[in-house]
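Open the model in your viewer and keep the selection box ready. We will go stop by stop.

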Amino acid sequence: MLGLGNSLSSSSFIGGAAVLVYESDFSSGLDGWFSSSLGTVAVVAGDQDNVSDDNSVVRNDVLKLSRTTDTDIAAFWAAKNLYSIIGNAHSTSDKYFATVEYLSPSSNSSSIGIDKVRFGTASDTSVTSDETGSWLQVETALTSFTLNSFLYIFADDPLASDDDDVFYISKVKVYKIS
């Protein structure tokens, strides 16, 4: 995990040059992102402005993910289909990594963190961070891209009674390593 302001290079994963293939844009809405079970567990809202916490950097144009039920779940997520962006030029030897900035407000009733950032299978590296109250950046290698891959950002939320917790994501970037 990186604090904001630290630079990221592809050499921290695989080596070589990194080419940006996707960068989120929540300035006018969802940017194609959707939520867990299409709204039965959580909902997403784009173009959220003035998002911060007590000691946090203020961010505009972010995505908000909110739980909508107190159903006992281990995680909820936001996802985007990236095939339309990188699928046509993809080969099986391609390697990717992603960076995500997120905020879990300290006002949540439990500590929500980023549990996983991955393509469509469970084989990608988990990223666990349960820090709250400030914008943080997580990074992970993405190794299982397929023709129907979605990029998932999972939030862990261990308490079933937390039907009002939220987290925010910003500056989602996917890089191809060449």
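Accessible areas here come from the Shrake-Rupley method with a 1.4 Å probe. Show the whole surface first. About 8,000 Å² of the chain is exposed, and carbon and sulfur atoms supply 46% of that area. Of the 178 residues, 48% count as buried.

**Confidence first**

This is a predicted model, so colour it by pLDDT, the predictor's confidence in each residue. The chain averages 74, and 61% of the residues score at least 70. Now select residues 1-11. Their pLDDT stays under 50, and the model gives them 28 contacts beyond four places in sequence. Next, compare two strands. β1 has the highest mean pLDDT among the elements, at 89, while β8 (residues 126-129) has the lowest, at 60.

**The fold**

Switch to a cartoon view. You should find one helix and eleven strands. Follow the chain along its sequence, and the pattern reads β-β-β-β-β-α-β-β-β-β-β-β. Then look at contacts with a separation of 6 or more. Residues 24 or more positions apart account for 74% of them.

**Salt bridges**

How many salt bridges are there to find? The count comes to two. Side chains of opposite charge can pair when their charged atoms come close.

Select K173 and E23. Their side chains meet in a salt bridge, 3.9 Å from N to O. K173 belongs to strand β11 (residues 166-177) and E23 to strand β1 (residues 18-23), so this pair ties together parts that are 150 residues apart in sequence. Is K173 buried or partly exposed? K173 is partly exposed, with a relative accessible area of 23%. E23 is partly exposed too, at 42% relative accessibility.

Now select R59 and E101. They form the other bridge, with the closest N and O atoms 2.8 Å apart. R59 sits in the loop between β3 (42-48) and β4 (62-67), and E101 in strand β6 (residues 95-103). That pair links distant parts of the chain, 42 residues apart. R59 counts as buried, at 13% relative accessibility. E101 is buried as well, with a relative accessible area of 9%.

Stay on R59 and add W135. The charged end of R59 sits over the ring of W135, 5.7 Å from the ring centre. R59 therefore has two partners to display: E101 in the salt bridge and the W135 ring.

**Aromatic pairs**

Show the aromatic side chains. The structure holds four aromatic pairs. Begin with F26 and W33. They form an edge-to-face pair, 6.3 Å centre to centre, with 65° between the planes. F26 is buried, with a relative accessible area of 1%. W33 is buried at 2%.

Move on to F34 and W77. Why is this pair called edge-to-face? The ring planes lie at 80°, so the pair is edge-to-face, and the centres are 6.0 Å apart; the cut-off for that label is over 60 degrees. F34 is in strand β2 (residues 34-35) and W77 in strand β5 (residues 75-81). The two residues are 43 apart in sequence, and the pair links distant parts of the chain. F34 is partly exposed, with a relative accessible area of 25%.

Last stop: add Y152 to the selection. Ring pairs link F34, W77 and Y152 into a cluster.

Conventions. Residues numbered from 1 in each chain as written. Heavy atoms only, no water. Salt bridge = Lys/Arg side-chain N within 4 Å of Asp/Glu carboxyl O. Helix = DSSP H or I, 4+ residues; strand = E, 2+ residues; numbered from the N terminus. Buried < 20%, exposed > 50% of the residue type's maximum accessible area, 1.4 Å probe, protein only. Phe/Tyr/Trp six-rings, centres within 6.5 Å; stacked < 30°, edge-to-face > 60°. Lys NZ or Arg CZ within 6 Å of the ring centre and 35° of its normal. pLDDT = per-residue confidence, 0-100. Contact = heavy atoms within 4.5 Å.
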